Amino acid sequence: MLTWGKLLDDKDIDSDRDDEAVRGATLGQVGDPAASASTVLAAEAAPSHQRRALISRRRRNTISQRTHGEFTRSAVSHYDLVMDLFLLGRYQAFIEQAISRMDLRQGETILDLGSGTARNIDVMLGGLGPTGRVVGVDSSQDMVQQAQQRCHAYPQVAFLTQRIEEPLPFHAEFDKTCISFTLHSLEDEDKERVLANVRRALKPSGMVWILDFNEFDLDRQWFPFRWAFRRIECELGIEFLSLDLRRMLGDHGFGRFVTYPFLRNHVRLLGAEKLNGGSDK
Ligand SMILES: C[S@@+](CC[C@H](N)C(=O)[O-])C[C@H]1O[C@@H](n2cnc3c(N)ncnc32)[C@H](O)[C@@H]1O
């Protein structure tokens with residue numbers, strides 16, 4: 001099990017090299033020999049737990065070409081501003097409302113997968129009090145750096161730079177897991193891996209909260225919305241609108257669903273409880 005101290009130490013790991021290696025793996029797919037050599041070199045130079053992740057990523061070659069979920073460095077530095085502009089300045093109020101539904105309690109431990117700039121974590125800390133703890137996981141070193149800056153005054157928050165569909169070092173230690181606007185950008189097989197990770201990381205009866213696009217028929221939406229959504233969202237994001245996420249969660253041993261719709265039903269907060277009896281794969 002990764003301890004709190006170990007997580008904090010991991011902040012020092014140089015994962016730019018990992019990013020290069022991961023991108024190398026993608027380039028390798030289209031036959032760039034230099035890229036695959038750099039992948040191997042970077043993997044060899046990395047600490048062993050990262051090496052495993054890099055090598056398995058290279059073998060599986062699964063960074064999808066159908067996602068926009070991985071951001072460039074400049075997109076990262078403007079991420080919060082862009083979200084504010086999208087919602088005409090109401091983004092902060094929206095996430096405060098959504099997080100207030102998660103029933104966070106003083107002293108709880110929370111895992112935030114795809115934690116981005118830690119804007120959500122900042123809000124969550126209000127509900128958790130000084131004894132609560134949060135771990136944010138994100139594959140982007142730039143996002144993690146911004147998140148660390150935002151949370152530098154909170155020793156009870158730690159970050160891990162890792163892909164959330166790779167095995168996570170947590171077992172039955174979190175009360176709640178939150179995944180906000182990240183699941184839709186993964187291929188279904190990776191969503192399944194994430195949900196298996198979530199189940200393993202949660203304590204018995206722990207809750208997963210997924211804040212993401214709701215199920216709706218894009219073709220029946222108002223034309224400007226439909227047009228903008230198609231321009232902005234990736235292929236996987238559009239497919240997500242017809243995904244039966246409850247069924248997928250049910251297959252991973254979650255139930256007792258709760259749903260809160262937001263933004264004219266286009267977004268939902270879906271909560272599901274880890275049921276006893278299923279197995280942690
Ligand atoms: C749209 S942002 C959402 C950030 C944050 N959850 C929020 O709601 O403000 C998606 C985040 O997920 C991260 N991400 C995308 N795919 C990932 C993966 N496979 N593993 C880990 N993080 C991932 C991105 O780096 C980015 O920070």
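## Reading a predicted fold, from a hairpin to its core

Q: Where is the place of Leu-263?
A: Leu-263 is placed in the loop between β6 and β7. Helices and strands here are DSSP runs numbered from the N terminus (H or I over at least four residues for a helix, E over at least two for a strand). Bear in mind that this is a predicted model, in which local features need pLDDT of at least 70 and side-chain atom pairs count only at pLDDT 80 or more, while totals for chains, interfaces and linings use all residues. Residue numbers start from 1 along each chain as its sequence is written.

Q: How do I read confidence, and what is the average pLDDT of the protein?
A: pLDDT is the predictor's confidence in each residue, from 0 to 100. The protein averages 81, and 75% of the residues score at least 70.

Q: Over which residues does pLDDT stay under 50?
A: One such stretch is residues 1–46, for which the model has 59 contacts beyond four places in sequence. A contact means that two C-beta atoms, placed from the backbone, lie within 7 Å. Another stretch is residues 51–56, with 13 contacts beyond four places in sequence. Where pLDDT is low, the predicted coordinates should not be read in detail.

Q: What does the overall inventory look like: how many helices and strands are there?
A: The secondary structure comes to 13 helices and seven strands. Of contacts between residues at least 6 apart in sequence, 69% join residues at least 24 apart.

Q: Let's go back to the hairpin. In what sense do β6 and β7 pair?
A: Two strands pair if DSSP finds at least two bridges between them. Strand β6 (residues 254–262) and strand β7 (residues 267–274) pair in the antiparallel sense, over seven bridges. Pro-261 has Arg-268 in β7 as its bridge partner. Four residues lie between the two strands of this hairpin.

Q: What is the phi of Leu-263 in that turn?
A: Its phi is positive, about 45°, although Leu-263 is not a glycine. Leu-263 counts as partly exposed because it has 13 C-beta neighbours inside 10 Å. The burial scale uses C-beta atoms placed from the backbone: 20 or more others within 10 Å is buried, 12 or fewer is exposed, and anything in between is partly exposed.

Q: Where else should I look for a positive phi?
A: Ala-172 has a phi near 50° and lies in the loop between β3 and β4 (174–180). Ala-172 counts as partly exposed because it has 14 C-beta neighbours inside 10 Å. Just after α6, Leu-88 takes a positive phi of about 50°.

Q: How well are the helices covered; for instance, how many residues of α6 are buried?
A: Helix α6 (residues 79–86) is hardly covered: zero of its eight residues are buried. In helix α9 (residues 141–150), by contrast, Asp-142, Met-143, Val-144, Gln-146 and Ala-147 are buried. The cover over them includes α5 (73–77), β2 (133–138) and β3 (157–161). For the protein, buried residues make up 39% of the 281 residues.

Q: Which residues have the most contacts inside the largest nonpolar core?
A: In soluble globular proteins, nonpolar side chains tend to be buried together. A nonpolar core is a set of buried Ala, Val, Leu, Ile, Met, Phe, Trp, Tyr and Cys residues joined through C-beta atoms within 7 Å. The largest one has 52 residues, and Met-124, Val-208, Trp-209 and Ile-210 have the most contacts inside it. Strand β5 (residues 202–213) gives the most to this core, with seven residues.

Q: What does Val-208 touch, beyond its neighbours within four places in sequence?
A: Val-208 is in contact with Thr-177, Val-198, Leu-202, Phe-254 and Ala-272.

Q: Why does Phe-254 count as buried?
A: Phe-254 is buried because 24 other C-beta atoms lie within 10 Å. It lies in strand β6, and its contacts beyond four places in sequence include Leu-249 and Ala-272.

Q: And what does Leu-270 touch?
A: Leu-270 lies in strand β7 and touches Ile-210, Leu-245, Phe-257 and Thr-259, not counting residues up to four places away in sequence. Leu-270 counts as buried because it has 22 C-beta neighbours inside 10 Å. Its C-alpha atom is separated by 8.1 Å from that of Val-208, 62 residues apart along the chain.

Q: How many residues surround the ligand?
A: A residue is near a molecule if its C-beta atom, placed from the backbone, lies within 6 Å of it. Here 20 residues surround the ligand, and the closest are Gly-114, Gly-116, Ser-139, Ser-140 and Ser-180. The shell divides into five nonpolar, ten polar and five charged residues. In this count Ala, Val, Leu, Ile, Met, Phe, Trp, Tyr, Cys and Pro are nonpolar, Asp, Glu, Lys and Arg are charged, and the others, Gly among them, are polar.
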